[in-house]
Structures are given as structure tokens and as C-alpha cells.
Amino acid sequence: MRIGLLGGSFNPAHGGHRRVSLSARSALGLDEVWWLVSPGNPLKPNAGMAPLPARVKSAIAQARRAPIKVTAIEQELGTRYTVDTLRALRRRYPKAEFVWLMGSDNLAQFHRWKDWRGIAKMMPIAVIARPGYEGQAAASPAMAWLGRFRRSAAKFRQRGEWSAPALVTLRFDPDSRSATAIRRADPEWASRLSPIPPRDQITHHPIETGHIVLQDKAEAP
Ligand SMILES: Nc1ncnc2c1ncn2[C@@H]1O[C@H](COP(=O)(O)OP(=O)(O)OP(=O)(O)O)[C@@H](O)[C@H]1O
Ligand SMILES: O=C(O)c1ccc[n+]([C@@H]2O[C@H](COP(=O)([O-])O)[C@@H](O)[C@H]2O)c1
């Protein structure tokens with residue numbers, strides 16, 4: 001199984017997440033994309049962050065009827081830093097071939113992430129061009145290092161070696177949608193999602209089963 005991992009705050013999830021995930025899936029020949037809804041991005045303030053269950057719920061709605069699985073696995077693992085999450089995922093799913101997906105806004109500050117070179121050595125990275133961030137991403141310290149490991153998407157699609165470090169840049173129709181714009185237009189978006197189980201009632205179902213991760217424990221089998 002080749003799986004693209006898109007980590008994010010999803011505050012809230014939007015059509016841009018869905019579109020870039022599906023485009024990356026076909027460009028890279030992935031079987032699935034997993035959305036890792038972060039309990040809290042270590043570089044983002046908590047202020048204005050909707051509760052995790054609301055963000056997971058918005059992600060489930062955006063991922064419907066698509067080969068996208070939504071998980072709050074970082075909450076279960078107790079990890080906040082991506083490098084720790086990816087290590088745990090590799091241990092848990094040793095046969096999966098993962099690729100880390102991110103928009104170019106994240107590449108621009110990737111050098112500030114914990115052990116970012118360690119992430120790059122662990123699995124290939126695919127960066128999706130995002131309007132407004134191209135210049136910053138191209139000039140970033142992470143790009144200066146990752147640039148020498150460039151690979152084409154076409155090469156990637158061939159079911160050959162899945163080595164790292166590897167950097168694939170993906171350019172689809174620019175998608176200017178963002179969670180910031182949604183929050184600005186609709187600050188109360190989370191209050192309209194119901195019912196939302198409390199945080200301690202989010203469970204993580206084994207991804208192999210294809211089950212969605214948000215479930216009220218009272219209803220769990
Ligand atoms: N329109 C888009 N084009 C390309 N990548 C995107 C787009 N929207 C989100 N992403 C990527 O999806 C991942 C998760 O994004 P996130 O949940 O932070 O959404 P966001 O719209 O960037 O939120 P915010 O505006 O609050 O920063 C990040 O890697 C981000 O770069
Ligand atoms: O590991 C880090 O140091 C780190 C620093 C900043 C962001 N991240 C991760 O980057 C992903 C994108 O976050 P966001 O908030 O831009 O959607 C999400 O999975 C975060 O946990 C990770």
C-alpha cells in the first residue's frame with residue numbers, strides 16, 4: 001500500500017484539502033491518503049483553534065466518498081511533532097509505503113520543525129504548490145537541502161524503489177482556498193457541527209478496517 005499522509009490543523013477542513021489530496025493521489029499513484037488531524041500544531045497558537053472533535057468532524061465531511069481516511073492518531077499516540085508521529089506510524093504499519101504531503105506554505109517553514117531532516121530521511125516528501133507561497137518555499141533553508149533530492153512525479157508513480165530523501169514538487173490548478181479565509185468569513189463554523197462528542201470520546205479505529213475514527217465511545221461495539 002502506498003499512502004500519502006497529509007497532516008494538518010484542519011481548522012476547518014475545506015475543499016482545497018480534498019482537491020490536493022485527490023490530485024496528489026493520482027499524480028503519485030497512491031492507494032490512499034490519510035489526513036492526520038493534529039491535536040495542536042507545535043508552531044501555531046492555540047487561540048482560535050477549534051476543539052479537535054470539531055476539526056475531525058469537518059475533515060470526515062470533506063473526505064466523504066473519497067479514498068481519504070481521517071484520523072486523530074496523534075491524540076492516541078500522544079505525539080505532537082511530526083517526526084515522532086511518523087516513527088510510530090512506521091512501526092505500526094511496517095508494510096505501508098508512506099509519503100509525506102504538504103503545501104508549499106509548510107515547506108517555507110519546514111526548517112523550523114523538529115528534526116526535519118530526520119523526516120526527510122524517513123520517507124519521500126511531496127510538496128504541493130500553493131498560491132502565494134512559491135517564492136518563500138523556493139528560497140527556504142529546507143529547499144536548499146532537499147533540492148538535491150528532487151524526483152519527478154512520473155518516476156515516483158512507477159512501482160519501483162521508494163527511497164528517501166526524495167522531493168517531488170506537484171503543481172496542480174492553483175487552489176486558493178484556506179481555513180483562514182473560512183474562519184474569517186464564518187467564525188462560528190464549529191458551533192454548527194452537531195453532535196460533537198467530547199475530546200475524551202474520540203477513539204482511533206484501526207486504519208486497516210477503513211473505519212472512521214470519530215465515534216462516541218458509548219456507541220462503540
Ligand atoms: N489550497 C491548498 N493548496 C495546497 N495545499 C494546501 C491547501 N490548503 C491546505 N493545504 C495544505 O494542507 C495541509 C493542512 O493545511 P491546514 O489544515 O493548515 O489548512 P490551511 O488552509 O493551510 O489552514 P490555515 O489557513 O488555518 O493555515 C498543509 O500542508 C497545507 O499546506
Ligand atoms: O513537527 C513539527 O515540529 C511541526 C511543526 C509545525 C507543523 N507540523 C505539522 O505540520 C502539519 C501541518 O500543520 P498545519 O497547522 O499547517 O495544518 C501538521 O501535521 C502539524 O503537526 C509539525
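Q: Ala, Val, Leu, Ile, Met, Phe, Trp, Tyr, Cys and Pro count as nonpolar, Asp, Glu, Lys and Arg as charged, and the others, Gly among them, as polar; how does the shell around ligand 2 divide by class?
A: In this predicted model, the shell around ligand 2 has six nonpolar, seven polar and two charged residues.

Q: What makes a residue part of that shell, and which residues are the closest?
A: The C-beta atom of a residue must lie within 6 Å of the molecule. Around ligand 2, 15 residues meet this, and the closest are G7, G8, S9, N41 and W113. β1 and α4 (82–92) are the elements that give two or more residues to this shell. Gly counts as polar, so G7 and G8 belong to the polar class.

Q: Which residues come nearest to ligand 1, and which element gives the most to its shell?
A: G8, G16, G103, A179 and T180 come nearest, out of 19 residues around ligand 1. Two or more residues come from each of β1, α1, β4 (97–103), α5 (104–108) and α10 (179–185). The element that gives the most is α1, with three residues. By class, the shell around ligand 1 has six nonpolar, nine polar and four charged residues.

Q: Why are β1 and β2 called paired?
A: Pairing needs at least two bridges. Strand β1 (residues 2–8) and β2 are joined by six bridges, so they pair, and they run parallel. One of the bridge partners is L36 in β2, set against G7.

Q: How do you know that β2 also pairs with β3?
A: Four bridges join β2 to strand β3 (residues 68–71), so the requirement of at least two is met. These strands run parallel too, and W35 stands opposite V70 in β3.

Q: Which helices complete the β-α-β units, and what is the handedness of each unit?
A: Helix α1 (residues 15–28) stands with β1 and β2 in a right-handed unit. Helix α2 (residues 52–62) does so with β2 and β3, again right-handed.

Q: What makes β2 mostly covered?
A: A residue is buried if 20 or more other C-beta atoms lie within 10 Å of its own. In β2 (residues 32–37), five of six residues are buried, so the strand is mostly covered. Over the protein chain of 221 residues, 38% count as buried.

Q: How do you know that W35 and V37 are buried?
A: Both are in the largest nonpolar core, which has 49 residues. Such a core is a set of buried residues, so W35 and V37 are buried. W100 is also among those with the most contacts inside the core.

Key
Residues numbered from 1 in each chain as written. Chains lettered and ligands numbered in written order. Predicted model: local features only at pLDDT ≥ 70, side-chain atom pairs only at ≥ 80, totals over all residues. Buried ≥ 20, exposed ≤ 12 C-beta atoms within 10 Å, placed from the backbone. Right-handed = clockwise from strand over helix to strand, strands pointing away. Core = buried A, V, L, I, M, F, W, Y, C linked by C-beta atoms within 7 Å.
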